[in-house]
Amino acid sequence: MSKKVEENETLEELIIQLNGLLNEIKIEQKNLKKTIDTNHKVNMQKFAKLIDYSEISDMTNTIFERRIASIEKLLYEVFKS
């Protein structure tokens with residue numbers, strides 16, 4: 001009978017240890033989720049800035065392309081005549 005009592009105590013101790021580990025894992029997962037959410041927010045802000053810079057760059061390139069096209073047109077007209 002003492003063997004069964006020892007087995008039960010050992011099982012109860014193991015269950016307590018497992019519950020403790022599960023609680024630690026839950027806390028760690030919550031912390032990881034907070035970190036991931038924060039990082040995601042920061043990344044989205046950075047992507048928004050990159051998109052803005054890209055749009056500005058595209059507008060600048062468009063202006064330069066128009067200027068170059070008009071210069072080419074003028075040069076073509078000058079050399080054509």
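How much area does the protein chain expose, and what share of it do carbon and sulfur atoms supply? Keep that in mind as you read these points on the model, which is a predicted one.

1. **Exposed area.** To take up the opening question, the protein chain exposes about 8,200 Å². Carbon and sulfur atoms supply 62% of that area. Of the 81 residues in the chain, 0% count as buried. Buried here means under 20% relative accessible area, so you will not find a residue of this chain that falls below that cut-off.

2. **Overall form.** The secondary structure is easy to list: one helix and zero strands. The radius of gyration of the protein chain is 34 Å, well over the 12 Å that the globule rule gives for 81 residues, so the chain is more spread out than a compact globule. Taken along the principal axes, the box filled by the C-alpha atoms is roughly 115 × 20 × 5 Å.

3. **A pair to find along the helix.** Helix α1 covers residues 2-80. Thr62 has its place in this helix, and with 33% relative accessibility it counts as partly exposed. Try locating Thr62 together with Glu7: they are 55 residues apart in sequence, and their C-alpha atoms lie 79 Å apart in space.

4. **The salt bridge.** Side chains of opposite charge can pair when their charged atoms come close. In this model the count comes to one salt bridge. The side chains of Lys33 and Asp37 meet in a salt bridge, with 3.2 Å from N to O. Where do Lys33 and Asp37 sit relative to each other in helix α1? They are four residues apart, and therefore separated by about one helical turn. Lys33 counts as exposed, at 51% relative accessibility, while Asp37, at 40%, counts as partly exposed.

5. **Charges.** The protein chain has 13 positive and 14 negative charges, and the mean positions of the two sets are 10 Å apart. Have a look at Glu6, Glu7, Glu9, Glu12 and Glu13 as well, which gather in a patch of negative charge on the surface. Glu12, one of these residues, has its place in helix α1.

6. **A nonpolar patch.** Which residues form a nonpolar patch on the surface? They are Met44, Phe47, Leu50, Tyr53, Ile56 and Met59, and together they have about 650 Å² of accessible area. Met59, which belongs to this patch, is found in helix α1.

Notes
Residues are numbered from 1 along each chain as its sequence is written. This is a predicted model: local features need pLDDT of at least 70, side-chain atom pairs count only at pLDDT 80 or more; totals for chains, interfaces and linings use all residues. Side-chain values use heavy atoms; hydrogens and water are left out. Patches are made of residues with over 30% relative accessible area and no salt bridge: like charges are joined within 9 Å, nonpolar side chains (Val, Leu, Ile, Met, Phe, Trp, Tyr) within 5 Å. Accessible areas come from the Shrake-Rupley method with a 1.4 Å probe; for residues, only the protein chains shown count as cover. A salt bridge is a side-chain nitrogen of Lys or Arg within 4 Å of a carboxyl oxygen of Asp or Glu. Helices (H or I, at least four residues) and strands (E, at least two) are DSSP runs, numbered from the N terminus. Buried means under 20% relative accessible area, exposed over 50%, partly exposed in between (1.4 Å probe, protein chains only). The radius of gyration is taken over C-alpha atoms; the globule rule is 2.2 Å times the number of residues to the power 0.38. Lys and Arg count as positive and Asp and Glu as negative; His and the chain ends are not counted. The place of a charge is taken as NZ of Lys, CZ of Arg, CG of Asp or CD of Glu.
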